[in-house]
Structure formats: C-alpha cells, structure tokens
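This report considers how the strands of one sheet are arranged and paired. The sequence and the model are shown below.

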Amino acid sequence: MTALEPRMQHFDTAPLAIATPAADRLRSWPVRRRPLLREIADMFAVTLNRALDAMPWAHALHRRALARLEYTEVAFSVGARPDLDGLRIAFLTDLHVGSFLDEDTLLDVCEDVVRRGPDLICLGGDLVNSREEELDLLDRPLRALRAPLGVYAVPGNHDHRWIADMGDWQDFLERRGVQVLANRGRRVTRGSSGFWLCGVDDLTDGRPDLRRALHGRSAGEPTLLLAHQPDHFPEAAEQGVDLVLSGHTHGGQVGLMGWTPITHTRHGLVRGDFRRAESRLYVSRGVGATVLPFRVGAAPEIPIIELVAER
Ligand SMILES: [Fe+2]
C-alpha cells in the first residue's frame, strides 16, 4: 500500500475468524429458580411486549423516541499516557433489537456511530429482546460497526434469557468481527501506551468473574470494565477498576419528574455518573426499549468516552 492509498483495511466487511480458547467460550446455564411473583411479572411483561410489537403505532412511537438519541461526552483520565490522549470509545448498550427497533433503523444508528470516527466501539449487552431469532437482525448492523482498535461486547440478561446456547451468541458476534469479553480482558495499545479493557458476564443471568477479567493487567494500568448491570460497581471499585461502563436500566425508561418506578438496580445506579473512592461508573440510558415502545424523561443515549492524558 502506498502512503496515498486510503486506509480501508479496518472497514472490510468480510467475516473475521477469531479463535477463542475453549475456556473462554460463553456457556448457557440452567435458569435459576426465580420467585413466583417475579416469574409472573416477567411473563406479563413479555406478553405485553410482544402484543405491542405487532402494532404499527408502537413502532412509530419508538422511532420518535430514537429521534431524540443523544451522544454524551464522558472524559476518562488515564494519567501520564500522552499516546492515549483523545482516544474515543463509543458505547452502545441495550439495543433490544426486534422489540420496536428494526434491523434497518439499527443499521442507520450503527453507521452514524462509525461516521463519528470512534477509535474503539463497545457493546454493553441486551442485544436481543425476547426471541432467539432476533439475533439474525444484528447481522448487517454488527458488520457495519468497525473501528481501528476493534469492537468488543459483553452479554446482558436478555441475551442469556432468550438465546438457548450462549456459545452460539458468541460465535455469531465473533464471526462478524466483534470480540466477546465475558470474564476476560486485553490490553488496548496506541503508540507506546495502553490500558486494560475487560468485561464480565451478566450479573443475574450469567456467571460473572471479575478477578478473571482483571487477570493480566499491570499494576497501575488504567482499567475500563464493561458490565451490563451497574450493580457490579461496588465490587469493581474494590478491585481498583478506574471506569465501569454499564447499561441495563434504560435510565428508568419511564420517569416522572425525576422519579423512575422501574430501575433494575439495587444500589440506585440508574443513569449517569457515579464515583466511589478512586473509581467511576457511567450508566448509559441505552439505545432501545423493552416492554413499552416509548421513553419518558430518559432519551436514548450513546456515550462517547474520550481518554484524557496528563500533560
Ligand atoms: Fe438488561
């Protein structure tokens, strides 16, 4: 390649074969026994979601919600590592594709993300909503997601709940160039500097292992953890993770004057920035919607994390 040729190799849409060691394959686990009331509530929610999904007006409502998609700038301090300064990470979570969000609309969102030129793209789980076949709707959107330093993902509770074999979920993503960080991590480098990027399996429906995810990082190395559910934060802070990126809550999805009746977090980590000791958590409101096709007071969001080095 001459110096004048455009550098298009990172945007090749051919499937990528990524060899994952057998020990790192995601597994599906027997569904844990849930309290009867929770089981009934879940069944009601899925039935309502599927009924609304058949209504054209519900899709129109969701398109209106998505028209308010916000890109939020989040700064991540990485110390004296000038080569990392300005590196940008796009964080997409809670797509819930198939539930009001169709393949073409998601493809538009992904292409818009790529046009913004992030160096790295991360997916925070709940890629599907409530059917195994929704995975196929991710084919073109995932192939469109390309970034010079790679595309990474962790699973969410909906992925575990509706995909019969999570090894298939992992294969599907990896064949489309998305590397799955479920209880593992790797060093992302630019120039002579690097940081530790890692992820954990889902808190309630998977088997998260933070210590495994952190295995291999160097002392004092900036660490970024992808964890679908924000309630990982207290443990991550204890382990010295610098920044946790989560979703799962949809920012409440439906809120009234700051009050969000359904949050799915025990620690009140509904949306935005949180700090504990030297650690920080950012909870994204996510892209899609579940059960109801609209959002109130919780516009969809894609955070763009910008690394900031000391000068
Ligand atoms: Fe979730």
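Which helix lies across E4 and E5, and at about what angle does that helix run to E5?

## Helix across E4 and E5

In this predicted model, the helix in question is H6, formed by residues 166–175. Helix H6 lies across both E4 and E5, and its direction makes an angle of about 145 degrees with E5.

The two strands covered by this helix are themselves paired: E4, spanning residues 151–153, joins E5 in the parallel sense through 3 bridges. Within this pairing, Tyr-152 has Gln-179 of E5 as its bridge partner.

## Order of the sheet

E4 and E5 belong to an open sheet of 6 strands, whose order is E1-E12-E2-E3-E4-E5 and whose pairing is mixed. Its edges are formed by E1 (70–77) and E5 (178–180), each of which pairs on one side only. On average, neighbouring strands of the sheet are turned by 25 degrees against each other, with direction ignored.

## Pairing around E12

Strand E12 comprises residues 301–308 and pairs with the edge strand E1 in the parallel sense, over 8 bridges. One of the residue pairs here links Tyr-71 to its bridge partner Ile-302 in E12.

In the order of the sheet, E12 stands between E1 and E2. Strand E2, residues 88–92, runs antiparallel to E12, and 3 bridges join the two. Here Ala-90 is placed opposite Ile-304 of E12. E12 thus takes part in a parallel pairing with E1 and an antiparallel pairing with E2, in keeping with the mixed pairing of the sheet.

Key: Residues numbered from 1 in each chain as written. Predicted model: local features only at pLDDT ≥ 70, side-chain atom pairs only at ≥ 80, totals over all residues. Pairing = 2+ DSSP bridges. Helix = DSSP H or I, 4+ residues; strand = E, 2+ residues; numbered from the N terminus. Axes fitted to C-alpha atoms, helices over the stretch in contact; angles between N-to-C directions. Contact = placed C-beta atoms within 7 Å.
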